[in-house]
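Student: I am new to this structure and would like a close look at a single part, the sheet. Please also say something about the helices afterwards.

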Amino acid sequence: MAGRFAPRSPRPTRTTVRGGHVAVPAPAGTPRHSAAAGRVRTVVPDGPLDLGLVLGPLRRGPADPTFRAMPDGSVWRASLTPAGPGTLRVTAHAGEVRGEAWGPGAEWLLEQLPQVLGAADDPDAFAPRHRVVALARHRRPGLRLTRTGLVLESLIPSVLEQKVTTDEAYRAWRLLVRKYGEPAPGPAAGGRLWVMPAPRTWALIPSWEWHRAGVDNKRASTILRAVRVAARLEEAAGMAPEAARTRLEAVPGIGPWTSAETVQRSHGAPDAVTVGDLHLPGIVGWALAGNRDADDSVMLELLQPYAGQRHRAARLILLSGRTPPRRAPRMPRGDIGRL
């Protein structure tokens, strides 16, 4: 059955962006093809699909050098695949999604395109138990959980996000990828895209460059330990999410928060709820029970009716935009690179 595309989503807020929303303009007419044609694959979704919601969790900040949403309605991504670097351009029009890819990893990216668009996800398995969740689902019918099949691509930026503000983590990712990554193959998408560094390159980054990027020794050491066993971690893409998390957490410095944030993207894991987060328990507690002081145990109790789909429920709560009023200062932003 030919898919249909979701109506325009509500205007994004800081919370909905954290829930994985990227504003992708609706294309006016037939999307233009790239000047330098690449390999092409067309996918017909079996239901509503919103590119901004499906691919949004893969963007690490508005200036992510590996991700770009364009005014013509296209989304560009640069990835380091098992076959090498590749660039993927995705456009949606008239019930179809068109993927165009360049570079050594082009074929791999196109083979994975249906899963990246959420083909392995089953939104119908989710049953809302709260009004706020039901309303968010009704307003976001195009939500599918993406599955990239790439572990380090999600793991490394998740490690950078440990115990710091998102702005600090996004800055570190941007600086390190631009300095040590490589230009993405194919045409430029409104500016050069970059492929993240290979594991060996991450391992050779000098300590002072981590410092200049604002990354403390604890997070840098975790990334260095991870890239030393990169092949074993990438094997986890073929495992069930819980088994993959167990393998990831065998690396010192990777805990439940980081492993959940990783498999949510690499595996499209619908039940990998993030624990240990500074804000999420309070947001879930406020939305479902009016309890802004909820901790992880309370959050997990509130999400118990969604067992098997707890990550999806948490995303819908974030996308609802319903958050408790702020009563404390924001987490202070630091910059160890200035020390």
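Tutor: What follows starts with the sheet, stays with one of its strands, and then turns to some helices.

The model is a predicted one. Its open sheet has five strands in the order β1-β5-β4-β3-β2, and the pairing is antiparallel. β1 and β2 (67-69) are the edge strands; each has a single partner strand, so one side of each is left without a neighbour in the sheet. On average, neighbouring strands of this sheet are turned by 20° against each other, direction ignored.

Strand β5 covers residues 96-102, and six of its seven residues are buried, so the strand is mostly covered. In the sheet order, β5 stands between β1 and β4. With strand β1 (residues 39-43), β5 pairs in the antiparallel sense over five bridges. Two of the partners can be named here. Arginine 39 has alanine 101 in β5 as its bridge partner, while valine 43 has valine 97.

Towards the other neighbour, strand β4 (residues 84-93), β5 pairs over seven bridges, again in the antiparallel sense. Here valine 90 is bridged to glycine 99 of β5. β4 and β5 also form a hairpin, with two residues between them. In that turn, alanine 94 has a positive phi of about 55°.

One helix belongs with this picture. Helix α3 (residues 106-116) lies across β1, β3 (75-81), β4 and β5, and runs at about 5° to β1.

Now the helix pairs. Two packed helices are described by the angle between their axes and the distance between the axes. For helix α5 (residues 152-160) and helix α6 (residues 166-180), the axes come within 8 Å and cross at roughly 130°. That angle makes α5 oblique to α6. The crossing of α5 with α6 is right-handed. On the α5 side, the residues in contact are Glu153, Ile156, Pro157 and Leu160, and they meet Ala169, Ala172 and Trp173 of α6. Sorted by class, this contact of α5 with α6 has six nonpolar residues, one charged and no polar.

A second pair is helix α13 (residues 280-289) with helix α14 (residues 296-303), packed at an angle of about 45° with axes 9 Å apart. α13 is therefore also oblique to its partner, α14. The crossing of α13 and α14 is left-handed. The α13 residues Leu280, Pro281, Val284, Gly285, Leu288 and Ala289 meet Asp296, Met299, Leu302 and Leu303 in α14. By class, the contact of α13 with α14 holds eight nonpolar residues, one polar and one charged.

Two further helices are linked through one contact. Glutamine 264 lies in helix α12 (residues 256-266). Its relative accessibility is 9%, so glutamine 264 counts as buried; the cut-off is under 20%. Leaving aside neighbours within four places in sequence, glutamine 264 is in contact with Thr146, Ala269, Ala272, Val273, Thr274 and His311.

His311 is itself one of the buried residues of helix α15. That helix, residues 310-320, is mostly covered, with 10 of its 11 residues buried. Among the buried residues of α15 are also Arg310, Arg312 and Arg315, along with Leu316, Ile317, Leu318 and Leu319. Just after α15 comes glycine 321, which takes a positive phi of about 75°.

Note on methods
Residues are numbered from 1 along each chain as its sequence is written. This is a predicted model: local features need pLDDT of at least 70, side-chain atom pairs count only at pLDDT 80 or more; totals for chains, interfaces and linings use all residues. Side-chain values use heavy atoms; hydrogens and water are left out. Axes are lines fitted to C-alpha atoms, for helices over the stretch in contact, and angles run from 0 to 180 degrees between N-to-C directions. Helices (H or I, at least four residues) and strands (E, at least two) are DSSP runs, numbered from the N terminus. Angles under 35 degrees count as roughly parallel, over 145 as roughly antiparallel, 65 to 115 as roughly perpendicular and the rest as oblique. A crossing is left-handed if the near helix is turned anticlockwise from the far one by less than a right angle, and right-handed if clockwise. Contact means heavy atoms within 4.5 Å. Ala, Val, Leu, Ile, Met, Phe, Trp, Tyr, Cys and Pro count as nonpolar, Asp, Glu, Lys and Arg as charged, and the others, Gly among them, as polar. Buried means under 20% relative accessible area, exposed over 50%, partly exposed in between (1.4 Å probe, protein chains only). Two strands pair if DSSP finds at least two bridges between them.
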